[in-house]
Structures are given as C-alpha cells and as structure tokens.
Amino acid sequence: MINFKNQIALETLKIETPSATVGSTVIVTAQWRGLRQMKDDYTVFVHLIGPDGLLHGQVDTIAAQGTMPTSQWKLNQPIADRFEIRIPDDAPKGEYRLEVGWYLLATLDRLSVIDSRGDEIDDKFVMSGLVVK
C-alpha cells in the first residue's frame with residue numbers, strides 16, 4: 001500500500017498495456033481507498049516520463065473518470081480507477097516510468113507519500129514497467 005498523507009491509499013496500480021507504440025494509448029488501472037473522511041476534492045495525476053526524463057503524456061482528473069470526488073468517499077471505500085494516456089507521435093522510444101499522485105487544484109499542493117514511520121518520502125509514487133516501441 002502507498003500512503004498519501006494518511007488520506008488516500010493506493011492499493012493496486014497496474015499498467016494494462018506494458019508495451020505500447022508512439023501514437024497509441026496506454027491503459028493504467030488503480031484501486032484507491034480513503035483513509036479518512038476528506039472535505040477537499042483532490043485531483044489525481046498520472047504522468048508518463050520518457051527515457052529522456054521528460055513528460056510524454058498525462059491525465060489529471062477527479063477519481064473514477066471524474067465521477068468520484070474525494071469529498072464523497074466513504075471511509076475505507078474501495079475506488080476503482082482507469083486512466084487512458086495517449087503517447088504523442090513524437091515521443092521517444094524506450095523505457096518509461098509512471099508517476100502517480102494527488103494534489104489540491106486550488107493550490108497545486110501535492111499530498112506527500114509517507115512511509116510506515118510517517119516520514120514524507122516523495123510527492124508522488126513512481127513505478128516502471130512501460131516500454132514504448
């Protein structure tokens with residue numbers, strides 16, 4: 001489980017299309033769980049970072065394809081999510097990484113990822129596993 005500031009847990013994250021081509025769409029699925037009742041509506045982001053270290057595709061949205069604002073989540077309710085991210089035609093080929101996180105749109109402040117001791121370790125979760133051919 002990835003803990004976003006004791007508010008949101010990322011329980012699963014899967015790249016459904018681990019091999020893609022430029023111009024195609026990458027599908028990513030996630031399952032979230034609210035760790036507390038939230039008064040704010042956070043925006044989730046999924047970024048595709050290319051072998052050059054640059055952003056080559058992104059989605060920023062309300063959870064569950066825009067249908068489940070975090071202020072409406074019930075405590076411990078599982079929230080299934082699906083993201084479709086298009087890889088631009090001019091994106092470089094190679095190994096990509098995924099960056100996933102949450103922020104408050106009004107301020108752009110991100111929810112920190114915290115470890116089991118409660119220490120902030122990053123402002124996003126990063127995973128590999130995508131190859132663009």
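This report walks through the overall fold, the first strands and the salt bridges of a predicted model.

## Overall fold

Let us start with the whole chain. The secondary structure consists of 1 helix and 12 strands. Reading along the sequence gives the pattern β-β-β-β-β-β-α-β-β-β-β-β-β. The radius of gyration is 15 Å, close to the 14 Å that the globule rule gives for 133 residues, so the protein is as compact as a globular protein of that length. If you prefer to think in box dimensions, the C-alpha trace spans about 40 × 30 × 25 Å along its principal axes.

Burial and contacts add to this picture. Of the 133 residues, 43% count as buried. Among contacts with a separation of 6 or more, 71% are between residues 24 or more positions apart. The protein exposes about 6,800 Å², and carbon and sulfur atoms supply 50% of that area.

## The first strands

Next, a look at the N-terminal part of the model. Strand β1 covers residues 2–4 and strand β2 covers residues 8–15; the two run antiparallel and are joined by 3 bridges. One pair to find on screen is Phe4 with its bridge partner in β2, Ile8. Together β1 and β2 make a hairpin with 3 residues between them. In the turn of this hairpin, Lys5 has a positive phi of about 55°.

Strand β2 has another pairing, with strand β4 (residues 25–34), again in the antiparallel sense and over 7 bridges. Here Leu13 stands opposite Ala30 of β4. A general point may help when you view these strands: in a regular strand, side chains alternate between the two faces of the sheet.

## Ser24 in its loop

Ser24 is worth a stop on the way. This residue lies in the loop between β3 (19–20) and β4. A polar atom of the Ser24 side chain lies 2.5 Å from the backbone oxygen of Thr21. Leaving aside residues up to four places away in sequence, Ser24 touches Ile85, Arg86 and Ile87.

## Salt bridges

Now to the charged side chains. In general, side chains of opposite charge can pair when their charged atoms come close. How many salt bridges does a search of the whole structure find? The search gives 12. One of them joins the side chains of Lys14 and Glu16, with an N to O distance of 3.8 Å. Lys14 counts as partly exposed because its relative accessibility is 48%, and Glu16 is also partly exposed, with a relative accessible area of 36%.

Arg86, already met as a contact of Ser24, forms a salt bridge with Asp89 at 2.9 Å, N to O. Are these two partners buried or exposed? Asp89 is exposed, with a relative accessible area of 56%, whereas Arg86 is partly exposed, at 43%. The side chains of Arg82 and Glu84 also meet in a salt bridge, with an N to O distance of 2.4 Å. Arg82 counts as partly exposed, at 39% relative accessibility.

Further along the chain, which residues are linked in a network of salt bridges? The network holds Arg110, Asp122, Asp123 and Lys124.

Methods. Residues are numbered from 1 along each chain as its sequence is written. This is a predicted model: local features need pLDDT of at least 70, side-chain atom pairs count only at pLDDT 80 or more; totals for chains, interfaces and linings use all residues. Side-chain values use heavy atoms; hydrogens and water are left out. A salt bridge is a side-chain nitrogen of Lys or Arg within 4 Å of a carboxyl oxygen of Asp or Glu. Buried means under 20% relative accessible area, exposed over 50%, partly exposed in between (1.4 Å probe, protein chains only). Two strands pair if DSSP finds at least two bridges between them. Helices (H or I, at least four residues) and strands (E, at least two) are DSSP runs, numbered from the N terminus. A polar contact is a pair of N or O atoms within 3.5 Å; within protein, one must be able to donate a hydrogen and the other to accept it, and residues adjacent in sequence count only if both atoms are side-chain atoms. Contact means heavy atoms within 4.5 Å. The radius of gyration is taken over C-alpha atoms; the globule rule is 2.2 Å times the number of residues to the power 0.38. Accessible areas come from the Shrake-Rupley method with a 1.4 Å probe; for residues, only the protein chains shown count as cover.
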